[in-house]
Amino acid sequence: MATTAAAGRGSGLARYTFRLRVSSTALARLEAEWARCRWVWNECVAMSRKVHAANRDAAEKTTCGPAQLDRLLTEARQAMSWLREGASVPQQQTIRDFAKSRAKAVKDVKAKVPVRRRAGMPRIKRKRDALPTLNYTQRGFRLKDGRLHVAGGIVLTVVWSRELPSEPSSVRVYRDSLGHWYCSFVVAAEPQPLPTTGRVLGVDWGVKETATTTSDAHDLPHPEHGKNAARKLGRYQRLMARRRPARGRAASKGYRKAQRQAAKLHKKVARQRQDTARKWAKAVVRDHDAIAVEDFRPKFLAKTTMARKAADAAIGATKAALIEMGRKHARDIRLVHPAHTTMDCAQCGARTKHALPLSERTYTCTACGAVSPRDKNSARVMLVRAGLNPAGADRVRAGRPQVPSQREPEIPVLQGGEDVNSSPSGRLPRTRRGPARRPWPGSP
């Protein structure tokens with residue numbers, strides 16, 4: 001199996017993941033290497049906590065950055081033969097990962113980010129809970145005769161399903177919850193432009209349908225992969241509940257078997273969602289030159305009655321797949337702020353409250369009388385806000401004679417991939433006619 005994922009927005013890097021065939025000798029060495037890296041991580045956590053406690057009452061503050069931890073690692077390798085037997089590259093990368101994690105947590109604390117949204121401070125990795133993950137830079141691995149050689153004399157067989165586009169700069173060797181080993185290469189990805197089509201598309205995310213677009217042929221219905229697997233998953237979870245071990249005691253064979261079956265089912269559903277998202281994104285990118293996408297972050301849905309269905313829709317994964325596919329094939333992807341998209345009329349630009357509750361699937365504009373499906377209207381609003389020509393959108397039918405427009409709305413002209421909410425003021429562009437109205441409390 002091979003998958004690609006963007007390593008950074010606009011960075012030109014991508015990850016190529018391949019399955020590994022690990023022999024018994026290589027498995028023993030990988031587990032020993034991971035034991036050393038886990039010890040280094042736990043020592044970094046202990047040192048960080050010790051420095052933090054000392055700085056509470058000290059006049060002069062001390063630091064615990066990567067430079068200090070590197071020196072401690074050098075001293076530990078000189079004093080401990082067990083640690084010195086392992087390669088230095090993954091141990092140094094463990095320190096880099098710890099420093100990055102701690103810096104993000106400290107940044108969130110200083111920025112006074114709400115506790116529920118903060119990145120937590122690094123914690124101890126326990127042997128039974130933490131999954132092995134080893135990172136190697138370019139000087140810590142090489143590819144020879146189709147096999148992966150990493151520092152420490154470990155040779156791994158890669159199941160190549162495609163060729164790498166360029167020489168990898170780093171590799172990550174890890175094990176998932178099912179016990180399968182993978183290697184993930186970071187390579188420089190060159191764009192693969194597709195032929196121009198002259199068509200544009202607006203995408204609105206939802207729960208009844210994962211994606212509603214201005215083209216009926218490209219709507220993405222809810223796949224319900226999680227719902228289809230819920231019965232089996234519930235059975236495995238009940239087996240785990242009955243066999244749950246007491247605190248401090250090892251799990252039974254039946255518990256571990258049920259745990260593995262549940263993890264296998266979770267992995268299957270995740271792969272189904274990813275496959276559905278990537279196939280849909282490929283079709284959308286192939287048929288359209290520019291795509292206006294709602295920049296929707298569905299975290300708040302986790303606290304509503306739609307939480308299960310929204311999670312099963314995998315809106316975040318589908319959105320990421322679309323952005324990644326657009327970057328890969330040099331398409332113009334424009335992110336649109338989601339505020340008031342269900343209130344604006346794509347026909348005349350007026351912003352009005354719904355005469356009917358949101359449970360109704362029809363949008364009726366009280367200014368021009370345009371009637372259309374609510375999600376279709378929101379998808380057309382994406383095109384208008386992004387400054388794209390909505391000529392390819394489905395037409396709406398007028399319920400009563402339309403009011404002639406006095407002036408055209410001011411629509412910003414954007415560059416490829418620019419966020420329409422990136423104005424200096426941080427406010428949405430005005431796309432409605434008439435005098436400005438006071439925004440709702442909590443609206444941007």
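A residue counts as buried when its relative accessible area is under 20%, and as exposed when that area is over 50%. The exercises below apply this to a predicted model.

**Exercise 1. Decide whether Arg36 is buried or exposed, and find what it touches.**

Step 1. Locate the residue: Arg36 is part of helix H1.

Step 2. Compare its value with the cut-off. Arg36 has a relative accessibility of 8%, so it counts as buried.

Step 3. List its contacts, leaving out residues up to four places away in sequence. Arg36 touches Trp82, Leu83, Glu85, Gly86 and Gln91.

**Exercise 2. Describe how helix H1 meets helix H4.**

Step 1. Find the two helices. H1 covers residues 24-55 and H4 covers residues 88-110.

Step 2. Give the geometry. Their axes come within 9 Å and cross at roughly 40°, and the crossing is right-handed.

Step 3. Name the residues that meet. From H1 these are Glu33, Arg36, Cys37, Val40, Trp41, Cys44, Val45 and Ser48. From H4 they are Pro90, Gln91, Thr94, Ile95, Asp97, Phe98, Ser101 and Arg102.

Step 4. Sort them by class: the contact has 8 nonpolar, 4 polar and 4 charged residues.

**Exercise 3. Identify the largest nonpolar core and the elements that supply it.**

Step 1. State its size. The largest nonpolar core has 27 residues.

Step 2. Pick out the residues with the most contacts inside this core: Tyr136, Leu148, Leu156, Val173, Cys183 and Phe185.

Step 3. Trace the core back to secondary structure. Helix H1 gives two or more residues to this core, and so do strands S2 (13-21), S3 (133-137), S5 (147-150), S6 (154-159), S7 (170-175) and S8 (181-188).

Step 4. Take Val173 as a case. Beyond its neighbours within four places in sequence, Val173 is in contact with residues including Leu20, Leu30, Tyr136, Leu148, Leu156 and Cys183.

Step 5. Look for another core. One of 22 residues lies apart from the largest core, and Trp280, Val284, Ile291 and Met325 are among its members.

**Exercise 4. Work out the surroundings of Trp280, starting from its place in the chain.**

Step 1. Place Trp280: it is found in helix H6 (residues 253-287).

Step 2. Test for burial. Because its relative accessibility is 7%, Trp280 counts as buried.

Step 3. Check for a partner far along the chain. Trp280 and Leu220 are 60 residues apart in sequence, while their C-alpha atoms are separated by 7.2 Å.

Step 4. Collect the contacts, again without residues up to four places away in sequence. Trp280 touches Val203, Trp205, Ala211, Thr213, His218, Asp219, Leu220, Thr318 and Leu322.

Step 5. Follow the contact with His218. This residue lies in the loop between strand S10 (209-213) and strand S11 (220-221). His218 counts as buried because its relative accessibility is 8%. Besides Trp280, His218 touches Arg199, Thr213, Ala283, Val284, Asp287 and His288.

Step 6. Follow the contact with Thr318, which lies in helix H8 (residues 315-328). Thr318 has 4% relative accessibility, so it counts as buried. Its contacts include Trp205, Thr210, Leu220, Ala277 and Trp280.

**Exercise 5. Summarise the whole chain.**

Step 1. Count the elements: the chain has 9 helices and 16 strands.

Step 2. Give the buried share. Of the 444 residues, 41% are buried.

Step 3. Consider contacts between residues at least 6 apart in sequence. Among these, 68% join residues at least 24 apart.

How values were computed. Residues are numbered from 1 along each chain as its sequence is written. This is a predicted model: local features need pLDDT of at least 70, side-chain atom pairs count only at pLDDT 80 or more; totals for chains, interfaces and linings use all residues. Side-chain values use heavy atoms; hydrogens and water are left out. Helices (H or I, at least four residues) and strands (E, at least two) are DSSP runs, numbered from the N terminus. Buried means under 20% relative accessible area, exposed over 50%, partly exposed in between (1.4 Å probe, protein chains only). Contact means heavy atoms within 4.5 Å. Axes are lines fitted to C-alpha atoms, for helices over the stretch in contact, and angles run from 0 to 180 degrees between N-to-C directions. A crossing is left-handed if the near helix is turned anticlockwise from the far one by less than a right angle, and right-handed if clockwise. Ala, Val, Leu, Ile, Met, Phe, Trp, Tyr, Cys and Pro count as nonpolar, Asp, Glu, Lys and Arg as charged, and the others, Gly among them, as polar. A nonpolar core is a set of buried Ala, Val, Leu, Ile, Met, Phe, Trp, Tyr and Cys residues joined through side-chain atoms within 4.5 Å.
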